[in-house]
Amino acid sequence: MALSESVRARKVFVHPVVLFSIVDGFERRSEDAKRVIGTLLGTIDKSSVEIRSSFGVPHNESEDEVSLQTT
């Protein structure tokens with residue numbers, strides 16, 4: 001669910017484990033990787049956004065293309 005232009009969150013809460021997960025994903029990337037792609041999971045309330053979890057998304061990339069890996 002995306003926020004519309006007329007509704008904006010006043011507060012954003014990010015759980016500490018999310019920050020550690022993002023940094024861990026960045027540090028574990030391969031040497032030739034230019035980026036890390038991931039997803040944030042949480043909830044949207046009337047006046048706040050709460051990010052509770054995150055995970056990296058495996059992908060392959062070339063100079064002009066990024067493709068997601070499927071299992």
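**View 1. Strand β1 runs parallel to strand β3.** Strand β1 (residues 11-14) and β3 pair in the parallel sense, and 4 bridges join them. Two strands count as paired here if DSSP finds at least two bridges between them. Within this pairing, V12 faces V49 in β3. Welcome to a predicted model, where local features need pLDDT of at least 70, side-chain atom pairs count only at pLDDT 80 or more, and totals for chains, interfaces and linings use all residues. Residues are numbered from 1 along each chain as its sequence is written, and side-chain values use heavy atoms, with hydrogens and water left out.

**View 2. Strands β2 and β3 form a hairpin.** On this side of β3, the partner is β2 (residues 38-44), which pairs with β3 (residues 48-56) in the antiparallel sense over 7 bridges. Just 3 residues lie between the two strands of the hairpin. To follow the pairing, look for G38, whose bridge partner in β3 is G56. You can also find T43, which stands opposite E50 in β3.

**View 3. The whole protein has 1 helix and 5 strands.** Helices (H or I, at least four residues) and strands (E, at least two) are DSSP runs, numbered from the N terminus. Starting at that end, the elements come in the order β-α-β-β-β-β. Of the 71 residues, 8% are buried; buried means under 20% relative accessible area, exposed means over 50%, and partly exposed lies in between (1.4 Å probe, protein chains only). The protein exposes about 6300 Å², and carbon and sulfur atoms supply 54% of that area. Accessible areas come from the Shrake-Rupley method with a 1.4 Å probe, and for residues only the protein chains shown count as cover. Among contacts with a separation of 6 or more, 43% link residues 24 or more positions apart, a contact being heavy atoms within 4.5 Å.

**View 4. L19 sits in helix α1.** This helix covers residues 16-28. L19 counts as partly exposed because its relative accessibility is 49%. Now look across to S53: it is 34 residues from L19 along the chain, and their C-alpha atoms are separated by 9.1 Å.

**View 5. K34 belongs to the loop between α1 and β2.** With a relative accessible area of 69%, K34 is exposed. A second residue to find here is S62, 28 residues from K34 along the chain, with 9.7 Å between the C-alpha atoms.

**View 6. L68 is part of strand β5.** This strand spans residues 66-68. L68 has a relative accessible area of 55%, so L68 is exposed. Leaving out residues up to four places away in sequence, L68 touches V57, P58 and H59. I37 is 31 residues from L68 in sequence, and the C-alpha atoms of the two are 9.4 Å apart.

**View 7. The largest pocket holds about 240 Å³ of space.** On a 1 Å grid over the protein atoms alone, a pocket is an open set of points where a 1.4 Å probe fits, with protein on both sides within 12 Å along at least five of seven lines; lining residues have an atom within 4 Å of a point. Its volume is the space filled by probe spheres set on the points, which are joined across faces, edges and corners. The lining has 15 residues, and R29, S30, A33, R35 and H59 lie nearest the pocket's centre. Both α1 and β4 (59-61) supply at least two residues of the lining, with the largest share, 3 residues, coming from β4. By class, the lining has 5 nonpolar, 5 polar and 5 charged residues; Ala, Val, Leu, Ile, Met, Phe, Trp, Tyr, Cys and Pro count as nonpolar, Asp, Glu, Lys and Arg as charged, and the others, Gly among them, as polar.
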